[in-house]
Amino acid sequence: MKQEYTLTIYTENQVGLLNRIAIMFSRRKINIESMNTSPSEIEGIHRFNILINETEDVVRKIVRQIEKQVDVLKAYFNTNDTIIWQELALYKVPTDIIAEKVKVERLLRTYGARVVAIRSDYTIFETTGQREETDTLLKVLGEYGLIEFVRSARIAIIKDSKGFHEKLKEFELAEPTQHIIDEPISAAEAASKVV
Amino acid sequence: MNTMSDNQSTIDAQNNPDEVQTQELSGAQVVLKACIAEGVDTIFGYPGGAIMPIYDALYDYRDQLEHILVRHEQGGIHAGQGYARTSGRTGVVFATSGPGATNLVTGLADAMIDSTPLVCITGQVFAHLLGTDAFQETDVINITTPVTKWNYQITDANEIPEVMAKAFYIAKSGRPGPVLIDITKNAQLQQFSFTGYKACNHIRSYRPKPLVRKEFTTAAAEMINAAERPLVIFGQGVILGCAENEFKAFIEKSGMPAAWTILGLSALSTDHPLNVGMLGMHGNYGPNVLTNECDVLIAVGMRFDDRVTGRLDRYAKQAKVIHLDIDPSEIDKNVKADVPVWGDCKETLPMITALLEKKDHSAWVNKFSECMEKEIEAVIKEELHPSTDILTMGEVIEQLNVLTKGDAVIVTDVGQHQMVACRYAKFNQSKSNVTSGGLGTMGFALPAAIGAKYGAKDRTVVAVIGDGGVQMTIQELGTIMQNNINVKILILNNRFLGMVRQWQDLFHEKRYSFVDIASPDYVTVAKGYNIEGNSIEERKDLISALETMLNHDGPYLLEVFVGKENNVFPMVPQGCGVGEIRLK
């Protein structure tokens, strides 16, 4: 069954790697719903978040093939119930209409929005949330002459992740330990393999 | 410039890092110093504008690096592949930017899918011209990304030592593959302070080998010990892992029959009593049908290609599967493994063997012999000893076996002759079968044979090629001529693109759409290249013609006309299970 999977990939900061990862999906004619790549909390290490709609079987194969790439340190995949995720959205609306017709304070409160810029001709709101939340505000502001809208890719934190600092130390060892080697498959999956 | 003393200082710098002597060298010189430090002795290449600084530097290194000027970059990279396959070392290829680089693409894809270690160096336009559609500029990094294990563009000479070291390490370690390094002309020309070459043995984001997990090797051994009808299927992983002896010990300990993929061929001598033949679409009858009767299927260093498995939902469904592979992404990719044994089979096989009980599976092995008798009766007898006057490909290979005693390197192209050669050729030693397996690249054999000869200079190298494939890279006769490369070119000419014709015969109501291919007079063509040759079509001439070819001192071309419409059997038709293999 196809469902949303969020991939989290730790990589070296290397020119061309974005393409190398992107083609893993296009090769199988899989649409990337959203993709975010930015420096992680560790200097020199980039973190990708990629959202796709696929079956677990295909996702697992792709994640392994991604992890095989020389400049990729580690790749994970998660269903929505195992991550916390957000998207950021910006909305540009005409200041006069907004000032006249909308109870701005209420708007801000109801949708958890913030004002990030006010000029005489336009005002920019910002909100973060999941797709439905940013969509709702989009719909509301659409009625008040919305000029422009932009939404970021999904970024996600894995609920039970302990971060990457410790793992990285082990990657830097010439002889890696069982701890990082254990996961071409998960421990649970490994257990199910032994008959 | 005294190149010898320069080289000495490189080696000294390696051995005594404290006594590093800084030298002002050009990027191009350091590229070559890196090759020498990595033990490269042969380079296949073709010069051009953007790689001229490297070729200029090469002029001073002619005594240490043998450069073979090919006739086309595709020929260069296939030669590099042939070299890697027979020598077990990394093939090195030079090409210029633009068309030179794009001509490498087929060979890169071939090397990628067949796990062949290559380091390809391409020249690139000056860095300041990147992205301007400069003369002979092409975005080679992005073009080659899907067909390289790793690629990298160098725009500053200071990066060259480290990147070259990474390139050689990545190409050869773990599951090998092709690496391409694109070097802009300014970086090749740039003078910089070279402090010595240091080989790479660790990259933090790259794990060439997964750690071996003992619970799985133990589980594998237990499963094999409990098996009544174990079948071992092996691929090139055994050869790439230099684990031929470990593999032999493994199957011999409990007497398990072993069948090979086309790239696994020659890892186990063809006359070994437990060698039960070839898997897959044109493989032997026994290994295919009995795949669906074994109770434990042990896959060693192979990746369950669709040409091996046929329809997956009818493949070995009754069997428990043990899969040994160095590449974790191969486990469960096509066939689910009950016991995944990650790791280098050179390490994992002995661990399993140590736990194996001595067993007698002779009744099970006999079933393969019974199948073989059936296949001999239905297919092999007529192929090797035809009842008509028309020569068959099989009998040519059979006579070749007799004359070479199974000691030759056989390089094949792609198509019917490839299947026949792999089915019937005898091999006594590993790294003797060179063919384009995964990609199926017609035109592979002639240039690959050139490289195969450089990789195994003391061995007889026979390129078996069809009349279609030979015309794709026939220009490499020029390379053979110029360097007097002692390869034997055996063209099996059936005046058709035989494999496509066979499919049209079997599945397209004999609608022979564009498979009727004309050939030049190959003997005359060879003569034009100053290569001796002969052409025969009668059985009485076969042995003496092959003898003349093999005994000739230097390259030789022999064309043998064979039956026009012979089909290769057995055959697992596409979309069928291995159990549905057809004998006719």
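This tour proceeds through a predicted model, from confidence to the contact between chains, then to the domains and selected elements of chain B.

**Confidence in chain A**

Begin by selecting chain A and colouring it by pLDDT. The mean pLDDT of this chain is 88, and 89% of its residues reach 70 or more. Next, select residues 179-188 of chain A, where pLDDT stays under 50. For this stretch, the model has 14 contacts beyond four places in sequence.

**Where chain A meets chain B**

Display both chains together. Here 24 residues of chain A are in contact with 26 residues of chain B. To find the chain A side, select α1 (17-26), α2 (56-68), β4 (72-79), α6 (165-172) and α7 (178-181) of chain A, the elements that each give two or more residues to it. Which element provides the largest share of this side? That element is α2(A), with 4 residues. Colouring the chain A side by class shows 11 nonpolar, 4 polar and 9 charged residues.

**The domains of chain B**

Now select chain B alone and colour its three parts: domain 1 covers 3-194, domain 2 covers 214-367 and domain 3 covers 393-565. Keep domain 2 and domain 3 of chain B in view; their centres, taken over C-alpha atoms, are separated by 30 Å. Between these two domains of chain B, 13 residues of domain 2 are in contact with 15 residues of domain 3. On the domain 2 side of that contact, the residues of chain B comprise 6 nonpolar, 4 polar and 3 charged.

**Helix α4 of chain B**

Move to residues 73-87 of chain B, which form helix α4. How far apart are its end C-alpha atoms? They lie 21 Å apart, and this agrees with the span of 21 Å that the 15 residues should have at 1.5 Å a residue. Show the surroundings of the helix as well: 14 of the 15 residues of α4(B) are buried, so the helix is largely enclosed by the rest of the structure. Then select B:Gly88, just after α4(B), which takes a positive phi of about 75°.

**Strands β13 and β14 of chain B**

Finally, select strand β13 (residues 320-325) of chain B together with β14(B); the two pair in the parallel sense over 4 bridges. One pair to display is B:His323 and its bridge partner in β14(B), B:Pro340. Are the faces of strand β14 (residues 339-342) of chain B covered or uncovered? Both are covered, with B:Val339 and B:Val341 buried on one side and B:Pro340 and B:Trp342 buried on the other.

Notes: Residues numbered from 1 in each chain as written. Chains lettered and ligands numbered in written order. Predicted model: local features only at pLDDT ≥ 70, side-chain atom pairs only at ≥ 80, totals over all residues. Domains from an automatic or database assignment. Contact = placed C-beta atoms within 7 Å. Nonpolar A, V, L, I, M, F, W, Y, C, P; charged D, E, K, R; others polar. pLDDT = per-residue confidence, 0-100. Expected span 1.5 Å × (residues − 1). Buried ≥ 20, exposed ≤ 12 C-beta atoms within 10 Å, placed from the backbone. Pairing = 2+ DSSP bridges.
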